[in-house]
Amino acid sequence: RPEYRLGYAHSLILNGEVHSAIDVLTSTLEKTDRTETRNRVVLTLGNAYSAIAQNAKARSVYETALESDPNHLGFGFERAQTFMRDQNWDAATETFEQLLPGAESNAPILLQTLYGLARANERGGRFETAVRLFERLIALDPTHDEALNYLGYMFAEKGVRLGEAQQFIQRALVREPENGAYLDSMGWVFYQMGGLRQAREYLLKAIGIEERALQNMGGTDPGRLDGIRENLAVIHEHAGDVAAALKQKDEA
């Protein structure tokens, strides 16, 4: 039964045997006609390819599925995500924009699409467009901590609207007080506002949290490990700037 094979593939993925899971999922996809199960297999197979950075193969899986079901928002969203992972910001922007009209009547997909579209625009250098999209997203969901932090950090990086940036990031921290990325954002806001000692406090706490996360990860999720290392590099850079501004040269 394809449901059992799908469950087996999930267990392989959790055990780090992604290539074996792909083999199981590929053969299952060829043998199942039930729409609901087939859709779950497609999404799992695409995510499995993405987990080992084979984004073009993941995209091909979604595109093949879209040929049979062109209005499937989940397939369209995951296809757009593959462009984000490839850092192809223009293609990601275009794909998310194509999804937007259909997503307007589906609240969860709309929030995800707005978040992806805002990120793609920001990474593509379209700051004001990204701001408008994040503001719309936050208006729809005032507790969306990822959007709150992202917009606050954007303002902090530009050194603009710092009071609003602080409020946005504080709201994100209410949701996740031990999130290293959010603590880093708040530290950077304080740095931009001249509150160096508060900045140092937030940044050192962020470093501790992210370093503990790195130690606890092991080697089971290379993508997650890379993400933590990237976060740590940014946080250390920020902490170095703060230490230098405080004339703490050795620490910097």
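1. Burial first: 46% of the chain's 252 residues count as buried. Keep in mind that this is a predicted model. The accessible surface comes to about 13300 Å², and carbon and sulfur atoms hold 47% of that.

2. On the overall fold, the chain has 13 helices and zero strands, so a run through the elements from the N terminus gives α every time. The C-alpha trace spans about 65 × 40 × 30 Å along its principal axes. As for how the chain folds back on itself, take the contacts between residues at least 6 apart in sequence: 47% of them join residues at least 24 apart.

3. Charges: I count 27 positive side chains and 36 negative ones. The centres of the two sets lie 1 Å apart.

4. Starting at the N-terminal end, helix H1 (2–14) has 13 residues and reaches 18 Å from its first C-alpha to its last, close to the 18 Å expected at 1.5 Å a residue. Its buried residues are Glu 3, Leu 6, Ala 9 and Leu 12. Note the Glu in that list. H2 and H3 are among the elements that cover these buried positions. After H1 comes Gly 16, with a positive phi near 85°.

5. Helix H3 (residues 35–51) deserves a careful look. With 17 residues at 1.5 Å each, H3 should span 24 Å, and because its end C-alpha atoms are 24 Å apart, the model agrees with that expectation. The buried list for H3 is Thr 37, Asn 39, Val 41, Val 42, Thr 44, Leu 45, Gly 46, Ala 48, Tyr 49 and Ser 50. Those residues pack against helix H1 (2–14), helix H2 (18–31), helix H4 (55–68) and helix H5 (73–85). H3 is followed by Ala 53, and here too phi is positive, near 65°.

6. Is Thr 44, a residue of H3, buried or exposed? Its relative accessible area is 10%, and the cut-off for buried is under 20%, so Thr 44 is buried. Setting aside neighbours within four places in sequence, Thr 44 is in contact with Leu 6, His 10, Ile 13 and Leu 25. Leu 6 also appears among the buried residues of H1.

7. Now the nonpolar packing. Nonpolar side chains tend to be buried together in soluble globular proteins. In this chain the largest nonpolar core has 56 residues. Phe 96, Phe 134, Leu 137, Leu 151, Met 154 and Phe 155 have the most contacts inside it. Helix H7 (residues 107–123) supplies the largest share of this core, eight residues. There is also a second, separate core of 20 residues, with Leu 25, Ala 58, Val 61 and Leu 66 among its members. Leu 25 is one of the residues that Thr 44 contacts.

8. If you want one residue to click on in the largest core, try Phe 134. Not counting residues up to four places away in sequence, Phe 134 touches Tyr 115, Ala 118, Arg 119, Ala 147, Tyr 150, Leu 151 and Met 154. Of these, Leu 151 and Met 154 are also on the list of residues with the most contacts inside the core.

9. Last, a loop position. Asn 88 sits between H5 and helix H6 (89–103). Asn 88 counts as partly exposed because its relative accessibility is 34%, which falls between the 20% and 50% cut-offs. Asn 88 and Arg 123 are 35 residues apart along the chain, and their C-alpha atoms are separated by 9.4 Å.

Notes
Residues numbered from 1 in each chain as written. Predicted model: local features only at pLDDT ≥ 70, side-chain atom pairs only at ≥ 80, totals over all residues. Heavy atoms only, no water. Helix = DSSP H or I, 4+ residues; strand = E, 2+ residues; numbered from the N terminus. Buried < 20%, exposed > 50% of the residue type's maximum accessible area, 1.4 Å probe, protein only. Contact = heavy atoms within 4.5 Å. Areas by Shrake-Rupley, 256 points an atom, 1.4 Å probe, with all protein chains shown as cover. Lys, Arg positive; Asp, Glu negative; His and termini not counted. Charge placed at Lys NZ, Arg CZ, Asp CG, Glu CD. Expected span 1.5 Å × (residues − 1). Core = buried A, V, L, I, M, F, W, Y, C linked by side-chain atoms within 4.5 Å.
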